[in-house]
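The exercises below are to be worked with the sequence and the model side by side. Each task is followed by a solution in steps.

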Amino acid sequence: MKQQKLMEKLSLWQLAVLLFTFEIGSVAVVGVGNDSRQDAWIAVAISTLLGAGIVSFYIMLLKRAPGKNLFELMTISFGKWLGKGIGLLYVFYFFYIAERVLRDFCELITTVIFENTPIEIISITMMGVIAYMIYLGLEVFGRTGEIFIPYVFTFTILIGFATFFSGEMDFKNLLPVMAEGIGPIIQHIFPRLLTFPYGELITFMVIIPYVTQFKKVGKVSVITVLVSGMIIIYGTVIEIATLGTEQLGRTVFPLLSAARDISLLEFIERVDLVVVFIVMFGIITKVSVFFFAGLKGLEHITNIPYRYMVLPMATIISYGTILISDNFAEHVEEGIRFIPQYMHVPFQLILPALFAPLLFWRTKNQKKGSGHHESK
Amino acid sequence: MKKRTLILMCILSLTLTGCWDSTELNDVSIVTGIAIDPGKEKRYRLTVGYVNASMLSPQQPTEGAPVSIMSLEGNSLPEISARMNIGVSRKLVFSHTRALYINEEVAINDGVGSFLDSLERNPQFRNDFNILITKGDPAEKFPTINDPVEKVPSLKVQKQVKSLLEGWGGDPRVRLTDFIDAIVSHGRSPVASSVTIKGDPEKGKNVESNMMTKAPARIMLGGIAVFKKDKLSGYLSMEDTRNYLWTQKLESTMVTIPCANHGKEQKEKLFFDLAITNNKSTIKAFYKGDQPHLKVDIYSEARLTSMQCKEDLSKKETYLDLEKKSSKYVKDMIVATIKKVQNEFGLDIFGFGEALYRQDYKKAKEVEDKWNEEFARADVDVNVHVAIRRSGIRGKSFLSELPASEEE
Amino acid sequence: MSLSDFLFKRRKNKKGNKAPEEEIFQKDNISKEYFKSLNKNKKSLQELFKDTFDFSCDDIKLGESKACVCYLGTMLNINSLTDKVLNVPRETSETKNPKNIEEIRDRYFPTIAFEYAETFHKVVWHILNGFAVIMVDGQGKALSLEIGNIEKRAITEPSTQTIIRGPKEAFTEDINTNISLIRKRIKNPYLTFESSYIGGDTKTTIAIGYISTITNEDILNEVRERIEKIELGAVLDSGNIEEMIVDKSFTPFPLVFNTERPDSICSHLLEGKVILIVDGSPFVLAVPSIFTDFFQSSEDYYQPFLMPSFIRIIRYMSFMIALVLPSLYVALSTFHQELMPTQLLVSVQAQREGVPFPAVIEIFMMELTFEIMREAGVRMPRAVGQTVSIVGALVIGQAAVEAGLVSNVLVIIVAFTAIASFVSPIYSFSIATRLLRFVLILCAAVFGLYGVLLFLIVMVIHLVSLRSFGVPYLASVAPFKLSDQDDVFLRLPAWANQRRPSYLFPKAPNKEKRKQRPSPPPVKGGEK
């Protein structure tokens, strides 16, 4: 009860909230599985199941050494120096993805709302908010999520209903189902859909150790991933049914385009703002998670409390957001071609798979005296 | 302390340098109608009709014109609209465009694709304006025709289209994205509504025309314009438009059906009217061997609104009989329309190709490049079932009580 | 001695709080020693109070011994003093001489509440508190008699937190009256009041109240600690100490609940909160207080539950309206014209024709005018108060529009915002919205809706990081607690609302033990 200044604890519900907003954040901006055309929702469904598998794998790793985060696990399995080295790579990876996610949002705002405003302004202001939140700590982050989740959730659901009642949806657009067989779908699932948005949950390996009821984490995360998967399917179905596959292929921001068609009672129309809000909060959560994970990594490597590094790193990220690509096409192409194969797959799947056996071996050997060793 | 000053400075610099995108309401003009004509020197001649808001103020209704127009020539729409301030005092805002008038000459010769891209790309344009092909008069006349009830012409047209669609079904309900989707699609050809001016457009321009009970000029809706890809290829009549909609999505309409197809009553020209209130249609396309078949199933619910025939409406058999007659009548109408489209245009505006794509993907892929020819030679089969539910607040018609004609 | 005083004192003595006079007077260079010699004492007293007109030191004789009665004539009822003290000794002077001060009291003042003052400090303190101090020559301590208080304001109806149905009493400025108002409602021996004195110059009494079987010890200790830490020159109202005990003062949101309604304070006590009563202030504080407290009126519990639930939602809505409506107007009219329906946009534009200012300036002007009017309306003598509303309505409402300085829509928006901001039952909360509204307008003017959203998010982050005595300010929503939702956005019927809020960690988590949903008596011959 007594006030503790630096208490960093998350409740299970807060974890679920963060996981959920994390999942639907980017998806709401750029959409997923658009390459699979009308079968996108099938692709999402399959990858959700696989995603749940990945998450349980991550949590299984975490359970080997309760209370240790990703970076500490790596130090345990690779030793101090190699572990920290790989940790540094992860830090770069996390910050880079944070930049990419933020860029998605900046592009959305500068394209749709602020045509003349420099993109730097958007990234600086967003990063300012995120830095403020992360500076106040994980607990504040979790609670902020709790406040916004009802809005994000209801608005997402309402967008579907509103487009439906505006008569803009045509479920015939979902046909034919799997016209070209399962092959293309599988191709899209691996590596793209699996790594984005599900594989990115590796960042939660930094956050989950702070959850109070650690034992139930596995169950909660898997359920949350499944629920958010369902919301993503829901969103994908809305997009396909409203826009049709042709338009879906042309549009840059699918959910936004779908919501622009809403017109109810001749008054509830032009509700882009609602989408921007959902997107905005999703993005804030997502960037914050990556940012926090990266900071925690830095903290582990340098032994400096992460709060000292919030402002400098936030500055770097807000600047990096603009530097990472010259134009929107480059940004998107990197996201499709380069990132999944050369970044997501190694960091999300290969490296964890590599250190898993090491971790098992180390924790098994030191089962008796582990408490002493790990506390160092 | 230093940290605080720093943060304060950051915030200040942000607030002081902000507002790149802000424009006061007093500095913008809201464009409601856009008209595109072929240009004399350049490619297009663009006309914008923008609202003169102070004339629409509820407090001091003044006598001025509710809209003003401005025309310029140029090669692309964004370029022309950016140059509009040559003659217009305020910045033009296009997000409230209600109607896009396209001169049929542009649609026939040039195609509409080249400027639709700029409209779809621009986030200012929403997907809620009507695309109208103008027949007869040049498109630039259309945003100027005044109407005493709805002061802004383009708003009037939009409302008109909507009411017609809800009441009778004469507009294909095509928006920008639908139109572009149809251009891209292999299994559907695009359509758009057409409009004409009835009367003298020069008089209609005048605000004083609002004083007259009978407007000197009116914008009238025509049937739909049929496109081949992005080029106009012809028009369908209003009746055909309704029949076309019947195969798509019809909210409600009214049909007048003769009491008998032949014989004595036919000569007497006796009719009964049905108000179609609920309508469901499915379209299918399939191949029997090499021959394409088109099939439309229609189920409509109706309400009887007038009855000149002799039959006794209090009997169930009468209902069945009328249902049979009307189903046949409607079926013939729709078949005729489809045949007409097949023969005159050879363009699949109904979306049979898309139906085939959904139902038989492989076959559709095979024929997608020559689908319009396939469509033109296809067999047509229409099934209609009209269910008459009720007959207003009277049962038997008083007409049936009248003494029978002398021949009996 | 009234009942409340008795209990109050008993608690105080039991707790053994350090006597305040010692620490208070030490630094003022007042000697502590009480002499046996009456003259010495009298002299030092007269030295201390030498320029005060209302100080009297009347010589009397108690039996054989010389004595004198010292008092502040304005702090006690002179008539009672004459009746009870000055008259008594003469009548009984013939009998045997009492030996010590106890016997003197026994003999002459058996019916009057008393205290002994062993030190000089205490003598001074008692005089300041309205006692009549009797110093007898040759005795080691003085006898302080409580004569009876001076006039105080009667209990009236609350003036700032009015309700339609429910008790109509309000706290007054007198701490004892206030405590008696609470005791009247909670007849519970575990209701405890601890007193202490704050303010180097004013020496104000403040009481910490709690129900010891419900309130969590940690919260209580936290309150005690913070109260002890306070070093203030003057405490004139509970608002003075409010600022000293909050967790974070750099926030527009009130972190301490204040009310002048005894029933409201009682319900807070019964939830497990700690209350703070400051002598001289009709506003009693309750801590820890959370965001949702400020949206709950005590009337919510006196009406059938459906209506209050609805009204609570209205309150939250009007909070949002009061906060964002003007900034939405700025954002929509200067940045996002495309988001308004066409007809609305055209009519708004028509009204703005000819207005010479940008929307931001326009709305700032109007909001400022309104704030000035509101402030003037509060400060103005009641007799002139009418003028403000007339001038306001005429000048702001009509003339400004007719002169073309502002648009009609804007007047509607400002007026509606103002009304919405009054909906919060607690005044100090509506101040927060007033302040934030201006910031929001600025954000909207710079970044449009993006700015508004950004600011709202920052506001939520700030709210979430706030704590009131260790309890998260948005408790029961963030961190979310399902079991506490019965009395947050909705008020469930009393029988379904049996738990005390868990964020207060009460010692007794349930209000009642069993479920007692009312049901009509079974019908005779019924199937069941």
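Two residues are in contact if their C-beta atoms, placed from the backbone, lie within 7 Å. This is a predicted model, in which local features need pLDDT of at least 70, side-chain atom pairs count only at pLDDT 80 or more, and totals for chains, interfaces and linings use all residues. Residues are numbered from 1 along each chain as its sequence is written, while chains are lettered from A and ligands numbered from 1 in the order in which they are written.

**Exercise 1. Describe chain B as a whole.**

Step 1. Count the elements: chain B has 13 helices and 13 strands. Helices (H or I, at least four residues) and strands (E, at least two) are DSSP runs, numbered from the N terminus.

Step 2. Take the extent: the C-alpha trace of chain B spans about 100 × 60 × 60 Å along its principal axes.

Step 3. Sort the contacts: of those in chain B between residues at least 6 apart in sequence, 71% join residues at least 24 apart.

**Exercise 2. Find which elements of domain 1 of chain B face domain 2 of chain B.**

Step 1. Set the bounds: chain B consists of domain 1 (25–235) and domain 2 (239–408), with bounds from an automatic or database domain assignment.

Step 2. Count the contact: 19 residues of domain 1 of chain B meet 24 residues of domain 2 of chain B.

Step 3. Assign elements: α5 (153–167), β8 (217–228) and β9 (231–235) of chain B each give at least two residues to the side of domain 1 that touches domain 2. β8(B) gives the most, with four residues.

Step 4. Sort by class: this side of domain 1 of chain B has six nonpolar, 10 polar and three charged residues. Ala, Val, Leu, Ile, Met, Phe, Trp, Tyr, Cys and Pro count as nonpolar, Asp, Glu, Lys and Arg as charged, and the others, Gly among them, as polar.

**Exercise 3. Place B:Gly111 and state its contacts.**

Step 1. Locate the residue: B:Gly111 is in the loop between α3 (104–110) and α4 (113–121) of chain B.

Step 2. Judge exposure: B:Gly111 is partly exposed because 17 other C-beta atoms lie within 10 Å. A residue is buried with 20 or more such atoms within 10 Å of its own C-beta, exposed with 12 or fewer, and partly exposed in between; C-beta atoms are placed from the backbone.

Step 3. List partners: beyond its neighbours within four places in sequence, B:Gly111 contacts B:Asp230 and B:Lys231. B:Asp230 is 119 residues away in sequence, yet the C-alpha atoms of B:Gly111 and B:Asp230 are 5.0 Å apart.

**Exercise 4. Trace the sheet of chain C.**

Step 1. Write the order: five strands form an open antiparallel sheet, β1-β2-β4-β5-β3 (chain C). Two strands pair if DSSP finds at least two bridges between them.

Step 2. Find the edges: β1 and β3 (114–117) of chain C each have a single partner strand, so one side of each lacks a neighbour in the sheet.

Step 3. Follow the bridges: eight join β1 (residues 55–62) to β2 (residues 65–72) of chain C, and four join β2(C) to β4 (residues 131–136) of chain C.

Step 4. Read across: C:Cys57 has C:Cys70 in β2(C) as its bridge partner, and C:Cys70 stands opposite C:Val133 in β4(C).

Step 5. Inspect the turn: the hairpin of β1(C) and β2(C) has two residues between the strands, and C:Gly63 takes a positive phi near 65°.
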